[in-house]
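Subject: the model you asked about

Hi,

Here is the structure for you to open. Have a look first, then read on for what turned up.

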Amino acid sequence: EFTFFTMLNQGEMEFCNTIPFWITFQKFEISTFYQSDILGSFVIQPLTINPYSSVVQEGIFSSEEISEAQHIFMTFDFMFNGGNIRLDPNQFIILITTDTPILGIIPYSSTTQMSGFEFDKMMNAEDLSCD
């Protein structure tokens, strides 16, 4: 089960490769913002995944205001699991940035922005599986 608080405390993430080629992540970063202020970033070190396999990789969360991030993450985890609304969830933004060169040589970068609520629902979807 995904929680923002676990991500903050050096959580792990599973990466799946469902194609017959190696996939390389030169950069994988999840940046978190509340009211346009950055709370911190969760970064996975570069990795390569073999064809038709998965890998669990530990990430590192860094923040200038770690205690503020802890408080906000615990509050949103509580809210997204049915608790009382204490903070404006529309102000909680997630930015996912990846650098994944195609076939290991053609540069390709992607940035996706979503609400913290959308990210939480995506990460806790029941149909997530590497099989």
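First, a bit of vocabulary: two strands pair if DSSP finds at least two bridges between them. Helices (H or I, at least four residues) and strands (E, at least two) are DSSP runs, numbered from the N terminus.

Before the details, please note that this is a predicted model, where local features need pLDDT of at least 70 and side-chain atom pairs count only at pLDDT 80 or more, while totals for chains, interfaces and linings use all residues. Residues are numbered from 1 along each chain as its sequence is written, and side-chain values use heavy atoms, with hydrogens and water left out.

**Strand E3 and its partners**

Let me start with E3, which covers residues 27-34. On one side of the pairing list is strand E7 (residues 92-99), antiparallel to E3 and joined to it by eight bridges. Within that pairing, Ser31 has Leu95 of E7 as its bridge partner. Strand E4 (residues 37-44) also runs antiparallel to E3, with seven bridges, and here Phe33 is matched with Ile38. E3 and E4 make a hairpin with two residues between them, and Gln35 in the turn has a positive phi of about 50°.

How much of E3 is covered? Six of its eight residues are buried. Buried here means under 20% relative accessible area, exposed means over 50%, and partly exposed is in between (1.4 Å probe, protein chains only).

**Salt bridges**

How many salt bridges does a search of the whole structure find? The search gives two. The criterion is a side-chain nitrogen of Lys or Arg within 4 Å of a carboxyl oxygen of Asp or Glu. As general background, side chains of opposite charge can pair when their charged atoms come close.

- Glu29 pairs with Lys27, and their closest N and O atoms are 3.5 Å apart. Glu29 is buried at 18% relative accessible area, whereas Lys27 is partly exposed at 31%.
- Asp120 pairs with Lys121, with 3.8 Å between the closest N and O atoms. Asp120 is buried, at 3% relative accessibility, and Lys121 is partly exposed at 39%.

**More on Glu29**

Glu29 sits in E3, and the salt bridge to Lys27 is joined by two polar contacts of its side chain. One is with the side chain of Ser41, at 3.0 Å, and another is with the side chain of Ser31, at 3.4 Å. A polar contact is a pair of N or O atoms within 3.5 Å; within protein, one must be able to donate a hydrogen and the other to accept it, and residues adjacent in sequence count only if both atoms are side-chain atoms.

What else does Glu29 touch, leaving aside its neighbours within four places in sequence? The list is Ser41, Phe42, Val43, Leu95, Ile96 and Thr97, where contact means heavy atoms within 4.5 Å.

**The core**

The largest nonpolar core has 27 residues, and Phe4, Ile30, Phe73 and Phe92 touch the most other members. Such a core is a set of buried Ala, Val, Leu, Ile, Met, Phe, Trp, Tyr and Cys residues joined through side-chain atoms within 4.5 Å. Helix H1 (4-8), strand E1 (12-17), E3, E4, strand E5 (47-49), H2 and E7 each supply at least two residues. H2 gives the most, with six. Beyond its neighbours within four places in sequence, Ile30 is in contact with residues including Met7, Met13, Phe42, Ile96 and Phe119.

**Helix H3 and what leads into it**

In H3 (residues 116-123), the buried residues are Gly116, Phe119 and Asp120. They lie on the same side of H3, because they cover an arc of only 100° around the axis; the arc is that of the directions from the helix axis to the C-beta atoms. Among the elements covering these residues are H1, E3, H2, E7 and strand E8 (109-115).

Ser115 is in E8 and is buried at 19% relative accessible area. Outside its neighbours within four places in sequence, Ser115 is in contact with Phe92 and Ile94.

**One loop residue**

Finally, Glu65 is in the loop between strand E6 (53-62) and helix H2 (66-80). Glu65 is partly exposed, at 46% relative accessibility. Its C-alpha atom is 9.0 Å from that of Ile38, with the two residues 27 apart along the chain.

Cheers
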